[in-house]
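Student: Please take one helix of this model and go through it closely. Then follow whatever it connects to.

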Amino acid sequence: MYLLALVHSLPFSSYDYGGIDRSTTTKRQSPSPFVVTGVHTGSGPNGSVPLRLEVREMERDSTTWTLYILGLDMLQYTNQTEMLSWYQITGIHGRPFTPFDNVQPVPGNEENGYCTHVSILFPPWHRPYLALYEQILYNLIQQIAQLYPTGPTRDKYTAAAANFRIPYWDWAAVPPAGQSVFPSSVGGSPYVVVDGPVGTQTIANPLWSYQFKPLNPNDLPDFPLNQYQQTMRYPTTKTASAQSQNNLVAQQLDNSAPSFRRRLYNLFTNYHSYQYFSNEAWFSSSNNPNGYDSIESLHDQIHGLTGSGGHLSYIDYSAFDPVFWLHHAMVDRCFAMWQVLNPGSYVVPRPATYSTFTTYAHQTQDTNTALTPFFKDPLGAFWTSAEVANTTTFGYAYPETFNSAASQVIAAINKLYGFGAQSAFLPGTLKIRELDSINSWGTTTEWIANIRVQKYALNAPFFVHIFLGTFNPDPASWSFEPNLAGSHFISVKGLSAIMDSPCRCDPDQMVSGTIPLTHALINDIGAGHLKSLDPKDVNPYLAQNLKYRVTLSDDTAIGNEDVPNLKISVVSVDVQIPASTTELPIWGNIKGHMDVSTG
């Protein structure tokens with residue numbers, strides 16, 4: 001359930017341990033350089049390393065869940081001046097653009113974060129980042145477990161603490177019956193009741209928001225983010241009194257869930273080159289029709305719909321929001337699953353598209369490029385992509401990857417995201433229509449809108465909404481419309497960083513993504529508006545009914561003509577349905593049909 005009333009979360013505070021000095025906990029674990037090791041205690045299935053679990057699955061274990069909430073709470077209430085505070089760890093990704101662990105910027109790149117986006121290093125850079133976060137949270141949880149009363153109670157918590165790994169949020173799987181894609185533990189309430197070492201208390205929900213202590217507008221200068229005392233999702237206003245609208249976040253995520261699900265399934269089953277899978281850069285020289293989508297582009301879609309003008313909408317502010325870490329653990333999981341299926345494809349040398357704190361644009365990035373600021377030893381060496389290819393390096397795996405069996409990964413992909421899961425929300429008659437779309441040879445037709453556009457076309461984050469049919473003219477309604485096929489999102493840095501930092505890059509750099517159309521077309525077949533998925537029926541239908549609109553992340557409408565470099569084209573592919581749950585579908589050749597944009 002989501003609170004429909006707008007409740008201000010600041011009155012709720014941290015867990016009170018009864019006079020224990022918590023400041024010593026983080027100081028004791030702050031050597032420099034801080035070596036990122038991950039966590040290497042506990043055990044998983046069949047003697048494997050422990051597993052990162054889906055957040056709802058973790059919540060079923062009340063002992064581990066309590067430790068997780070208390071660990072987040074302690075980390076978020078660590079003084080912002082401490083290196084291993086929430087503020088400074090999340091600040092690695094972007095703002096406030098200050099050195100972490102004394103890893104200095106290269107000259108001229110001071111107005112950047114360390115994160116690599118539109119980069120061949122996008123997936124591996126975030127792996128040690130998550131491991132750093134997990135390691136620090138784990139260390140706090142060990143200390144919290146020791147504060148419980150001695151005896152069976154403490155034993156229970158210390159055993160759970162040894163196995164702790166961070167959870168992920170599976171935004172593509174069908175949620176439990178009656179629940180939203182957006183977990184209620186994240187967006188349901190600004191407070192949470194927790195049974196800690198000195199008793200039950202009501203505290204600020206550390207998954208709802210991060211409260212700046214204090215907000216420093218010099219560190220976070222972009223309006224309206226420089227007004228917000230805490231992280232925001234779909235904020236009501238652009239003033240200091242703004243409230244998050246998590247109920248609307250949940251509604252628009254649910255409306256786009258079929259798009260996430262089909263898009264992720266397509267990435268797993270049709271993208272076998274790491275160069276394309278890894279990041280959203282449009283490689284115009286190849287003009288590869290299989291190169292439009294990427295895990296980064298899909299990840300942007302989640303950032304956009306969850307942030308909706310709040311912190312997650314902006315690259316350099318996004319990591320402050322607690323949901324960032326659940327989301328990026330999911331992205332890392334997808335990367336790990338993809339790696340099991342494609343062991344021969346990994347980082348290839350590519351020029352950096354954009355500058356980071358320590359890297360110049362156009363500098364070649366490869367498997368030996370330093371993943372700064374993440375130290376791998378006390379001598380000052382950094383982790384590289386070559387060294388972080390396996391999650392067990394940092395002491396964790398996922399439920400689908402712990403034994404590195406491709407058959408196990410494929411079975412999970414088909415169960416969670418495949419054709420059966422894609423039909424889960426359809427009424428019975430539409431499920432029949434979905435089955436009818438598979439011909440006697442076991443083949444169906446997938447329809448996809450390919451999108452490419454300049455990343456900084458508007459110098460602000462923006463959506464491209466694609467509709468099949470009529471829609472409300474009010475742009476604030478577009479992500480909720482029943483005829484919405486999907487919303488593509490382009491995430492950028494805050495305007496001050498764009499203006500203040502010399503790009504040293506191609507300002508016309510294109511990025512790309514896709515919106516699957518098949519689910520929406522099947523809905524239209526069920527409604528009697530369309531006869532079949534055959535091109536002879538679909539082409540004229542799309543010509544008449546497919547429309548697109550552009551908005552900023554705060555729902556401000558932008559004229560289609562004001563994004564002249566936006567290119568949307570429709571393609572179809574004949575897909576052979578897998579004969580068993582341990583086989584993947586076989587994709588045929590892509591067929592181009594029409595361009596529907598002004599670009």
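Tutor: Start with burial: buried means under 20% relative accessible area, exposed over 50%, and partly exposed in between (1.4 Å probe, protein chains only). The model is predicted: local features need pLDDT of at least 70, side-chain atom pairs need 80 or more, and totals for chains, interfaces and linings use all residues. Residues are numbered from 1 along each chain, and side-chain values use heavy atoms, without hydrogens or water.

My choice is helix 8, residues 246-270. Helices (H or I, at least four residues) and strands (E, at least two) are DSSP runs, numbered from the N terminus.

Look at Ala 250, which lies in helix 8. Ala 250 has a relative accessible area of 4%, so it is buried. Find Phe 182 next. The C-alpha atoms of Ala 250 and Phe 182 are 5.2 Å apart, although 68 residues separate the two in sequence.

Now turn to the empty space that helix 8 helps to line. A cavity is a set of points on a 1 Å grid where a 1.4 Å probe fits but cannot get out; lining residues have an atom within 4 Å of a point. Nine cavities have 30 Å³ or more. The largest cavity holds about 100 Å³, counted as the space filled by probe spheres set on the points. It is lined by 15 residues, and those closest to its centre are Asn 270, Tyr 271, Ile 448, Asn 450 and Thr 514.

Which helix gives the most to this lining? Helix 8 does, with four residues. Strand 7 (443-454) and strand 14 (586-595) each supply at least two residues. What is the lining made of, by class? Eight residues are nonpolar, five are polar and two are charged. Here Ala, Val, Leu, Ile, Met, Phe, Trp, Tyr, Cys and Pro count as nonpolar, Asp, Glu, Lys and Arg as charged, and the others as polar.

Step back along the chain to the loop before helix 8. This loop, between strand 2 (199-204) and helix 8, contains Pro 214. Pro 224 lies in this loop too. Most peptide bonds are trans. Check these two. The bond from Lys 213 to Pro 214 is cis, with omega near 0°. From Phe 223 to Pro 224 the bond is cis, with omega near 5°.

For comparison, take another helix. Of the 24 residues of helix 5, 22 are buried, so the rest of the structure largely encloses this helix. The loop between helix 4 (86-90) and helix 5 contains Asp 101. Asn 102 lies in that loop as well. Asp 101 has a positive phi, near 55°. Asn 102 has one near 65°. Are these residues buried or exposed? Asp 101 is buried, at 6% relative accessible area, whereas Asn 102 is exposed, at 60%.

Finish with strand pairing, which requires at least two DSSP bridges between two strands. Strand 5 (residues 370-375) has five of its six residues buried. Two bridges join strand 5 to strand 6 (residues 382-384), and the two run antiparallel. Phe 375 is bridged to Phe 382 in strand 6. These strands form a hairpin with six residues between them, and Gly 380 in the turn has a positive phi of about 105°. Elsewhere, four strands make an open antiparallel sheet in the order 9-8-11-12. Its edges are strand 9 (484-490) and strand 12 (557-558), each paired on one side only. Within this sheet, strand 8 (residues 462-468) and strand 11 (residues 546-552) share seven bridges. Phe 467 has Lys 547 in strand 11 as its bridge partner.

Definitions and conventions: On a 1 Å grid over the protein atoms alone, a cavity is a set of points where a 1.4 Å probe fits but cannot get out, and a pocket is an open set with protein on both sides within 12 Å along at least five of seven lines; lining residues have an atom within 4 Å of a point.
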